[in-house]
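Thanks for coming. I have one structure to go through today, and I will put it on the screen before I start.

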Amino acid sequence: MEFSYKLKGAGWGEARVGDAANHVLLPTSYLTDVLSELLQAVGTLLEGAWSAQCSWEEEPGEYRWLFERRDGRVSVRILAFSSQYPPQPDGAGTLVFETECSLMEAASAIAGGCEQVLVEHGEAGYKEKWIEHPFPTEILKMVKATLTDP
């Protein structure tokens with residue numbers, strides 16, 4: 001699995017999510033603390049949860065990340081919705097990306113992509129561009145610590 005994230009301007013970003021077969025570009029806005037939400041979902045899985053999800057609100061719309069863990073593997077599905085209000089059931093979304101890989105591969109890709117944003121912008125630069133939310137430094141540290149724990 002591959003994950004990268006770029007800040008595109010004040011309150012705007014773009015995620016690139018992919019695997020060997022395909023990829024998708026997801027525009028994001030600061031309506032949701034996207035990196036924090038994503039890292040929290042990954043952290044939940046690393047702590048042993050069988051499923052997790054996060055939602056990235058758009059203007060308008062929503063991207064909903066759904067994770068399902070089976071043993072050491074995880075299924076990652078991203079659904080798109082044309083509106084976030086009222087909340088729609090998963091079945092109403094359009095599948096825009098799906099992959100399955102080891103949980104460690106997915107967690108490493110996401111943590112690495114988030115860490116690259118921190119390296120590029122620093123906490124102050126991230127806050128200046130993202131505006132509404134600080135960089136999720138503590139959550140990233142927790143995920144990275146879980147990945148390096150034997």
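One term before the rest: a crossing of two helices is called left-handed if the near helix is turned anticlockwise from the far one by less than a right angle, and right-handed if clockwise. By that rule, α2 passes α3 in a left-handed crossing. Please keep in mind that this is a predicted model.

Let me stay with that helix pair for a moment. Two packed helices are described by the angle between their axes and the distance between the axes. Here α2 and helix α3, which covers residues 137–148, pack at an angle of about 140°, and their axes are 10 Å apart. That angle makes α2 oblique to α3. On the α2 side, the contact is made by Met-104, Ala-107, Ser-108, Ala-111, Cys-114, Glu-115, Leu-118 and Glu-123. On the α3 side, Thr-137, Leu-140, Val-143, Lys-144 and Leu-147 make the contact.

Now the sheets. I will take the one with 4 strands to begin with. This sheet is open, its order is β4-β5-β6-β7, and the pairing is antiparallel. Which strands stand at the edges? They are β4, residues 51–58, and β7, residues 94–102. Each has a single partner strand, so one side of each is left without a neighbour in the sheet. From one strand to the next, the twist averages 15°.

Within this sheet, β4 is joined to β5, residues 61–70, by 8 bridges, and the two run antiparallel. To pick out one position, Ser-51 stands opposite Glu-68 in β5. Two helices pack on the sheet, and I will take them in turn. Helix α1, residues 34–46, touches β4, β5 and β6, where β6 is residues 73–81. The direction of α1 makes about 175° with that of β4. Helix α2, residues 103–130, touches β5, β6 and β7, and its direction makes about 115° with that of β7.

The other sheet is also open; it has 3 strands in the order β1-β2-β3, again with antiparallel pairing. Its edge strands are β1, residues 2–9, and β3, residues 23–29, and each of them pairs on one side only. The twist in this sheet averages 20° from one strand to the next. Strand β2, residues 12–18, pairs with β3 in the antiparallel sense over 7 bridges. One position to look at is Glu-14, which stands opposite Pro-27 in β3.

Helix α1 packs on this sheet, touching β1 and β3, and its direction makes about 160° with that of β1. Helix α2 lies across β1, β2 and β3, running at about 15° to β1.

Next, charged pairs. Side chains of opposite charge can pair when their charged atoms come close. How many salt bridges does the model have? The count comes to 9. I will go through a few of them.

Glu-2 forms a salt bridge with Arg-16, and the closest N and O atoms are 3.0 Å apart. Glu-2 lies in strand β1 and Arg-16 in strand β2, so the pair ties together parts that are 14 residues apart in sequence. Glu-2 counts as partly exposed at 39% relative accessibility, and Arg-16 counts as partly exposed at 30%.

Another salt bridge runs from Glu-120 to Lys-6, with the closest N and O atoms 3.8 Å apart. What does this pair tie together? Glu-120 lies in helix α2 and Lys-6 in strand β1, so the pair connects parts that are 114 residues apart in sequence. Glu-120 is partly exposed at 45% relative accessibility, and Lys-6 is partly exposed at 42%.

Then there is Asp-90 with Arg-64, whose side chains meet in a salt bridge at 2.6 Å, N to O. Asp-90 lies in the loop between β6 and β7, and Arg-64 in strand β5, so this pair ties together parts that are 26 residues apart in sequence. Is Arg-64 buried or exposed? Arg-64 has a relative accessible area of 6%, and the cut-off for buried is under 20%, so Arg-64 is buried. Asp-90 is partly exposed, with a relative accessible area of 33%.

Last, a group rather than a pair: Glu-68, Arg-70, Arg-73 and Glu-100 are linked in a network of salt bridges. Glu-68 came up earlier, as the residue in β5 that Ser-51 stands opposite.

Conventions:
Residues are numbered from 1 along each chain as its sequence is written. This is a predicted model: local features need pLDDT of at least 70, side-chain atom pairs count only at pLDDT 80 or more; totals for chains, interfaces and linings use all residues. Side-chain values use heavy atoms; hydrogens and water are left out. Two strands pair if DSSP finds at least two bridges between them. Axes are lines fitted to C-alpha atoms, for helices over the stretch in contact, and angles run from 0 to 180 degrees between N-to-C directions. Contact means heavy atoms within 4.5 Å. A salt bridge is a side-chain nitrogen of Lys or Arg within 4 Å of a carboxyl oxygen of Asp or Glu. Buried means under 20% relative accessible area, exposed over 50%, partly exposed in between (1.4 Å probe, protein chains only). Angles under 35 degrees count as roughly parallel, over 145 as roughly antiparallel, 65 to 115 as roughly perpendicular and the rest as oblique.
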